[in-house]
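Student: I should like to study this structure step by step, beginning with its sheets and ending with its internal spaces. May we proceed by question and answer?

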Amino acid sequence: MTGPTVKEALEAALEAARWAPSVHNTQPWTFSVSGEEIALRADADRRLRVGDASGRELLISCGAALFTMRTSLRGHGYEPVVRVLPDPDRPSLLATVRPGAPSPPDEDARLLGEQIELRRTHRAGFTGLPVPDRLIERLIMAAVDEGARLTPVRAPGAVDVLAALTRAAQAVQAGDRRFSLEVIRWARPPGSRRRDGVPADAYPRRAAPTDPHFPQRDYSWRHDWGGEGGTATSIGVPALLTTARDGREEWIAAGQALQHVLLRAAAQGVSAAFHTQALEMDLLREFLRRELCSGEHPQMIMRLGVTFEDKTAVRRPLSDLVE
């Protein structure tokens with residue numbers, strides 16, 4: 001029995017890419033196909049102009065889409081051939097990927113590929129079930145494979161600092177009309193037919209606070225939006241994703257590392273909650289770099305844990321993404 005054709009593998013990779021995680025579910029990417037090669041481009045119109053003026057979070061999101069395509073191609077029997085930032089004269093062209101030599105998919109490729117459409121972002125506390133140390137070690141190695149570092153934050157004092165910085169950033173942003181309006185732009189009211197942004201049932205209406213408290217974005221903004229639940233209070237395992245340098249190439253690498261970590265965690269029933277507020281404020285991000293990240297540049301703050309909540313996910317149709 002023959003495996004998928006190159007055309008079928010390319011189509012599957014495009015379909016998979018749209019399920020990648022992105023900040024506020026902005027889905028800030030477009031794709032084009034030329035022959036047997038997919039070009040990944042940044043969609044600058046979907047950048048957060050207040051919270052992400054540098055485009056760092058946009059490129060992390062696109063890096064996650066790139067890793068998703070790589071994973072899909074591996075699962076369909078081809079070794080992916082990738083070029084990152086292939087043309088300095090076209091800064092919006094972030095990467096190209098094409099199917100290389102046929103390579104029968106191994107169990108690992110199948111395992112990660114199965115999670116692409118199942119993985120969900122969590123926006124509340126976790127159950128008290130522990131995240132196995134063996135899994136944490138595997139997640140650390142997954143980040144290393146993509147050129148980044150995942151560091152679990154275990155010391156109570158360091159966890160307190162991370163939570164306090166998140167609370168401080170959230171309080172400042174909530175009082176800043178520009179930040180608030182940007183979040184509101186990507187918050188979807190109940191019944192919305194939009195296929196991007198954060199749906200009203202993707203977060204609890206009133207989440208029980210964790211100890212220490214890691215606040216979530218206020219997507220409801222004075223409305224009584226949100227789903228049921230949110231009674232779990234464990235913080236799970238806080239972790240920092242960092243890179244040695246802090247340029248466009250590293251941001252894309254951080255996105256690939258993030259998606260590798262998320263898919264591997266999801267395969268073992270572990271979800272992630274993200275807290276990027278402090279990373280959107282230069283002074284706080286620099287403080288984190290110097291005090292908690294051993295001089296490396298923080299690219300993502302997350303908590304890893306177990307939840308039994310089953311949230312829906314919305315994504316734009318492929319016809320909106322392919323040029």
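Tutor: Certainly; please keep in mind throughout that this is a predicted model. We may begin with the sheets.

Student: In what order do the strands of the sheet that contains S1 lie, and which strands are at its edges?

Tutor: This sheet is open and has four strands, in the order S1-S2-S4-S3, with antiparallel pairing. A strand at the edge pairs on one side only, and this applies to strand S1 (29-34) and strand S3 (78-84). The order is therefore S1-S2-S4-S3, and the edge strands are S1 and S3.

Student: By how much are neighbouring strands of this sheet turned against each other on average?

Tutor: The average is taken over neighbouring strands, with direction ignored. For the sheet with the order S1-S2-S4-S3, the value is 25°.

Student: How many bridges join S2 to S4, and which residue of S4 is the bridge partner of Leu 40?

Tutor: Strand S2 covers residues 37-42 and strand S4 covers residues 93-102, and the two run antiparallel. They are joined by four bridges. In S4, the partner of Leu 40 is Ala 95.

Student: Which helix packs on this sheet, and what angle does its direction make with that of S1?

Tutor: The helix in question spans residues 6-17 and touches S1, S2, S3 and S4. It is helix H1, and its direction makes an angle with that of S1 of about 175°.

Student: Turning to the sheet that contains S5, which strands stand at its edges?

Tutor: This open sheet also has four strands, in the order S5-S6-S8-S7, with antiparallel pairing. A strand with a single partner has one side left without a neighbour in the sheet. That is the position of strand S5 (149-152) and of S7, so the edge strands are S5 and S7.

Student: How are S5 and S6 paired, and what is the bridge partner of Arg 149 in S6?

Tutor: Strand S6 comprises residues 237-243, and S5 pairs with S6 in the antiparallel sense over four bridges. Neighbouring strands of this sheet are turned against each other by 35° on average, direction ignored. In S6, the bridge partner of Arg 149 is Thr 242.

Student: Are H5 and H8 roughly parallel or roughly antiparallel?

Tutor: The axes of helix H5 (residues 156-174) and helix H8 (residues 282-291) come within 11 Å and cross at roughly 175°. Angles over 145 degrees count as roughly antiparallel. The crossing angle therefore makes H5, relative to H8, roughly antiparallel.

Student: Which residues make this contact, and how do they divide by class?

Tutor: H5 contributes Val 161, Leu 162, Leu 165 and Ala 169, while H8 contributes Leu 284, Phe 287 and Leu 288. No polar and no charged residues are found in the contact of H5 with H8. By class, the contact has seven nonpolar residues.

Student: How much space lies in the largest pocket, and which helix gives the most to its lining?

Tutor: The space in the largest pocket is about 320 Å³. Of its 19 lining residues, the closest to the centre are Leu 118, Arg 120, Ser 271, Thr 307 and Glu 309. Two elements give two or more residues to this lining, namely helix H7 (248-266) and strand S7 (271-274). The most, three residues, comes from H7.

Student: Which residues lie nearest the centre of the second largest pocket?

Tutor: The second largest pocket holds about 270 Å³ of space. Its lining consists of 19 residues, which by class are nine nonpolar, five polar and five charged. Nearest its centre lie Arg 123, Ala 207, His 213, Pro 215 and Gln 216.

Student: How much space lies in the largest cavity, and which element gives the most to its lining?

Tutor: There are two cavities of 30 Å³ or more, and the largest contains about 520 Å³ of space. Among its 32 lining residues, the closest to the centre are Ser 22, His 24, Thr 121, Arg 123 and Phe 274. Helix H2 (56-75) and strand S8 (297-305) each give two or more residues. The most, three residues, comes from H2.

Student: Finally, what is the volume of the second largest cavity?

Tutor: This cavity is lined by residues including His 24, Phe 179, Arg 217 and Glu 280. By class, its lining has three nonpolar, two polar and three charged residues. The volume of the second largest cavity is about 30 Å³.

Technical notes
Residues numbered from 1 in each chain as written. Predicted model: local features only at pLDDT ≥ 70, side-chain atom pairs only at ≥ 80, totals over all residues. Heavy atoms only, no water. 1 Å grid on protein atoms, 1.4 Å probe; cavity = no way out; pocket = protein on both sides within 12 Å on 5 of 7 lines; lining within 4 Å. Points joined across faces, edges and corners; volume = space filled by probe spheres on them. Nonpolar A, V, L, I, M, F, W, Y, C, P; charged D, E, K, R; others polar. Axes fitted to C-alpha atoms, helices over the stretch in contact; angles between N-to-C directions. Parallel < 35°, antiparallel > 145°, perpendicular 65-115°, else oblique. Contact = heavy atoms within 4.5 Å. Pairing = 2+ DSSP bridges.
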